[in-house]
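Colleague: I would like to learn how to read a model that holds protein and DNA. Could we take it one feature at a time?

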Number of protein chains: 2
Amino acid sequence: MRHTTITDLAKKLGISASTVSRALSDHPDINDNTKKRVRKLAKEYNYKPNPIAQSLKNNRTTIIGVIVPEIQHDFFASAISGIEEVAYHAGYTIIVCQSNENFEREVVNTNALIQQRVAGIVASISQTTKNSDHFKSVIERGIPLVFFDRACEDVSASKVIIDDSKSAFNAVTYLIEKGYKKIAHFAGPKALEICKRRLEGYAEALNKAHIHISKELICFGGLHETDGYNSMDFLIKQNIIPDAIFAVNDPVAIGAFQRIKEAGLRIPDDIGIVGFSNNKITTLVDPTITTIDQPSFEMGKKAAEILVGLIENENKSVKPKTFILDAKLIIRGST
Amino acid sequence: MRHTTITDLAKKLGISASTVSRALSDHPDINDNTKKRVRKLAKEYNYKPNPIAQSLKNNRTTIIGVIVPEIQHDFFASAISGIEEVAYHAGYTIIVCQSNENFEREVVNTNALIQQRVAGIVASISQTTKNSDHFKSVIERGIPLVFFDRACEDVSASKVIIDDSKSAFNAVTYLIEKGYKKIAHFAGPKALEICKRRLEGYAEALNKAHIHISKELICFGGLHETDGYNSMDFLIKQNIIPDAIFAVNDPVAIGAFQRIKEAGLRIPDDIGIVGFSNNKITTLVDPTITTIDQPSFEMGKKAAEILVGLIENENKSVKPKTFILDAKLIIRGST
DNA sequence: ATTTTTCCTGCAAACGTTTGCGATTACGTT
DNA sequence: AACGTAATCGCAAACGTTTGCAGGAAAAAT
């Protein structure tokens with residue numbers, strides 16, 4: 001089965017390909033009767049223009065590139081889903097790449113997307129991203145770019161984020177109001193902006209309540225379960241037992257959760273826990289975990305909507321904007 | 001910034017574009033010295049052939065299309081990740097579409113991928129897929145197609161699946177050996193082959209142990225948490241309390257799990273639970289849930305590997321094969 | 001009858017690449 | 001000197017689409 005081409009239609013009708021093309025795009029030059037004949041035959045043969053040929057003309061496809069650290073991760077899977085949803089309805093398809101939290105691979109992916117002449121890119125950067133030259137060259141090429149959640153600060157592109165600092169502040173303030181005093185923070189990689197901001201929020205909340213910030217209560221680590229587990233393990237072995245933990249994200253909270261249970265401590269009586277992201281898991285463990293709802297699906301949707309807007313208003317080069325979505329504290333059993 | 005073209009190089013070197021093309025593909029007609037000059041300049045300008053122009057010639061891209069019911073779903077996110085991994089190393093990119101368990105959308109997605117001239121398609125069908133005409137037209141067009149997990153039985157394509165029936169049989173047999181007698185099954189939509197097979201395995205295990213199969217212990221529903229919750233709720237309200245539940249998948253198991261806890265019943269003492277898929281969640285709840293490890297990442301990888309093989313050996317039209325991956329019963333606290 | 005205007009349509013180029021075939025040159029052979 | 005044979009390379013077409021421009025025919029105006 002071959003695809004029907006515009007020339008096939010032209011031959012059948014005894015007219016030229018250019019007339020068919022114009023008829024299908026409702027060009028005023030073309031006779032109404034001719035248009036009708038063309039449209040009828042096009043429908044009959046289920047003709048659809050070859051997107052590759054169109055792309056070659058426009059030097060651009062109708063594909064949106066997506067770069068995320070890890071597809072499996074709840075947050076990103078859900079964001080991708082939001083992006084796909086918007087793209088689908090706007091007539092785009094999405095190419096998904098994962099950097100595996102690896103800088104080099106992120107660069108390769110970005111260049112591959114540029115190569116492929118994607119119409120635009122939605123990205124969330126890896127933990128190990130050292131510089132942003134690859135994203136800058138996206139901008140230079142005039143390819144619309146939107147970051148979500150994890151953005152490159154020195155790239156002039158729109159972003160969809162949440163107010164990490166404020167959210168962290170709220171969560172920790174809530175813990176303080178609940179009566180918790182010795183509040184630890186299981187922080188993420190210092191290189192990631194969002195982690196820095198969550199740490200800032202934590203510190204601000206303590207400051208405001210005139211609680212001394214103890215360095216030994218701040219444990220740096222990665223973003224996975226094992227990191228939370230290890231941090232908690234480290235504290236326990238040093239016999240430093242906080243009465244509450246604010247974790248940089250849910251997996252880390254879950255890791256701490258497990259180690260606490262292993263230690264025979266009770267949640268929330270002995271130790272309270274607050275996570276970050278509102279992963280599904282937090283509603284399934286016992287007790288359920290207090291967390292901050294990071295609207296992943298909506299962030300993906302919003303980012304894609306902005307991107308589509310940029311793609312379709314290419315003339316007006318709008319100034320990059322930062323969109324801050326609401327992240328609400330969801331109080332559950334762990335506090 | 002424009003992309004460097006083959007003509008740019010040709011002009012700089014004062015030779016023709018065809019010579020440049022041949023030089024870069026190491027054609028024997030071309031003088032070694034010329035090749036060197038061409039390669040050097042190509043490197044200098046970081047020349048990469050325009051994939052769109054190549055696609056137009058070949059009438060095929062280097063993109064692999066992926067269709068799944070839901071990207072967010074743990075199993076599929078992980079499978080996509082496996083597909084991406086293989087594709088990346090084989091020099092392909094992946095376009096990801098989700099059907100949202102909707103038949104019409106699956107058809108639209110499939111046609112869009114055909115339109116885009118993808119090199120091949122990896123798919124897992126939706127719950128509501130009524131017929132397979134869209135997949136048949138993929139085959140007719142000569143586009144390689146591989147199913148994973150949920151396959152269309154009447155389409156002649158390779159599949160990567162697990163032995164659902166046998167796995168279910170093993171799980172239920174294990175429950176019987178453990179001493180459970182009144183074993184319920186929370187089944188999935190009858191339209192899905194995999195659900196049918198899991199039900200079969202359940203029935204076989206009971207038969208073999210000469211346990212009567214009671215219809216009231218088989219609850220049909222969907223594949224989500226709420227379905228498991230509702231099934232359990234239904235049983236409880238009818239005062240039918242099984243001593244074990246074999247759920248069609250993990251979300252359903254989790255749903256049942258929650259309702260059981262709400263009812264004040266103990267797991268595994270009052271009711272044992274077995275899930276299916278080995279989602280991460282099953283290790284995080286208390287007690288952890290016995291389940292069948294469905295190697296999602298590996299299934300994605302395997303499917304992609306087969307697909308790449310098919311794409312690159314296009315001449316030899318191999319007979320479709322079915323690959324059955326191992327799915328092991330993982331015994332945990334819930335039984 | 002001639003010119004102008006309007007309406008419709010086709011030609012050809014362009015996007016960037018690949019490739020069959022023919023052309024050119026150099027070199028060795030008779 | 002005449003010819004054959006490699007060794008190199010370029011022309012042009014093709015993939016399918018879009019679009020500026022020119023051209024033809026018919027209708028209207030002079």
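Modeller: Start with a single spot: a phosphate oxygen of DNA strand C is 3.1 Å from a polar backbone atom of A:Asn31. Keep in mind that this is a predicted model.

Colleague: Which other backbone atom is close to a phosphate oxygen of DNA strand C, and at what distance?

Modeller: A polar backbone atom of A:Ser16, at 2.9 Å. A side chain from chain B takes part too: an N or O atom of B:Tyr47 is 2.6 Å from a phosphate oxygen of DNA strand C.

Colleague: Which residues come nearest to DNA strand C?

Modeller: There are 23 residues around DNA strand C, and those that come nearest are A:Thr19, A:Arg22, B:Ile6, B:Ser18 and B:Tyr47. Of the strand's atoms that come within 4 Å of the protein, sugar and phosphate account for 59%.

Colleague: Which helices supply that surface?

Modeller: H2 and H4 of chain A, and H2 and H4 of chain B, each supply at least two residues of the surface near DNA strand C. By class, the residues of this surface are seven nonpolar, eleven polar and five charged.

Colleague: Now the other strand. Which residues come nearest to DNA strand D?

Modeller: Out of 23 residues around DNA strand D, the nearest are A:Ile6, A:Ser18, A:Tyr47, B:Thr19 and B:Arg22. For B:Thr19, a polar side-chain atom lies 2.2 Å from a phosphate oxygen of the strand. B:Ser16 uses its backbone instead, with a polar atom 3.0 Å from a phosphate oxygen of DNA strand D.

Colleague: Which side chain has an N or O atom 3.3 Å from a base nitrogen of DNA strand D?

Modeller: That of B:Lys57. As for the strand's atoms within 4 Å of the protein, 59% belong to sugar or phosphate and the rest to bases. The surface near DNA strand D has at least two residues from each of H2 (17-24) and H4 in chain A, and from each of H2 (17-24) and H4 (51-58) in chain B.

Colleague: Next, the two protein chains. How is the size of an interface expressed?

Modeller: It is often given as the accessible area lost when the parts come together. Here chain A and chain B bury about 4800 Å² between them, with 55% of it on carbon and sulfur atoms. On the chain A side, A:His3, A:Ile52 and A:Leu284 lose the most area to chain B, together 15% of what that side buries.

Colleague: How many residues of each chain are in contact?

Modeller: 52 residues of chain A are in contact with 52 residues of chain B.

Colleague: How many salt bridges and polar contacts are there between the chains?

Modeller: The count is eight salt bridges, and 17 residue pairs are in polar contact, both residues being at pLDDT 80 or more. One salt bridge joins the side chains of A:Arg105 and B:Glu84, at 2.8 Å from N to O.

Colleague: Which element of chain A gives the most to the side that touches chain B?

Modeller: H5(A), with eight residues. That side of chain A has 22 nonpolar, 18 polar and twelve charged residues.

Colleague: Last, a single residue. Why is B:His134 called buried?

Modeller: B:His134 is called buried because its relative accessible area is 5%, and the cut-off is under 20%. B:His134 is placed in helix H7 (residues 133-140) of chain B. Leaving aside neighbours within four places in sequence, B:His134 is in contact with B:Phe103, B:Glu106, B:Val107, B:Thr110 and B:Thr129.

Conventions. Residues are numbered from 1 along each chain as its sequence is written. Chains are lettered from A and ligands numbered from 1 in the order in which they are written. This is a predicted model: local features need pLDDT of at least 70, side-chain atom pairs count only at pLDDT 80 or more; totals for chains, interfaces and linings use all residues. Side-chain values use heavy atoms; hydrogens and water are left out. Contact means heavy atoms within 4.5 Å. Buried area is the accessible area (1.4 Å probe) that two parts lose on being put together, summed over both. A salt bridge is a side-chain nitrogen of Lys or Arg within 4 Å of a carboxyl oxygen of Asp or Glu. A polar contact is a pair of N or O atoms within 3.5 Å; within protein, one must be able to donate a hydrogen and the other to accept it, and residues adjacent in sequence count only if both atoms are side-chain atoms. Helices (H or I, at least four residues) and strands (E, at least two) are DSSP runs, numbered from the N terminus. Ala, Val, Leu, Ile, Met, Phe, Trp, Tyr, Cys and Pro count as nonpolar, Asp, Glu, Lys and Arg as charged, and the others, Gly among them, as polar. A residue is near a molecule or strand if one of its heavy atoms lies within 4 Å of it. Buried means under 20% relative accessible area, exposed over 50%, partly exposed in between (1.4 Å probe, protein chains only).
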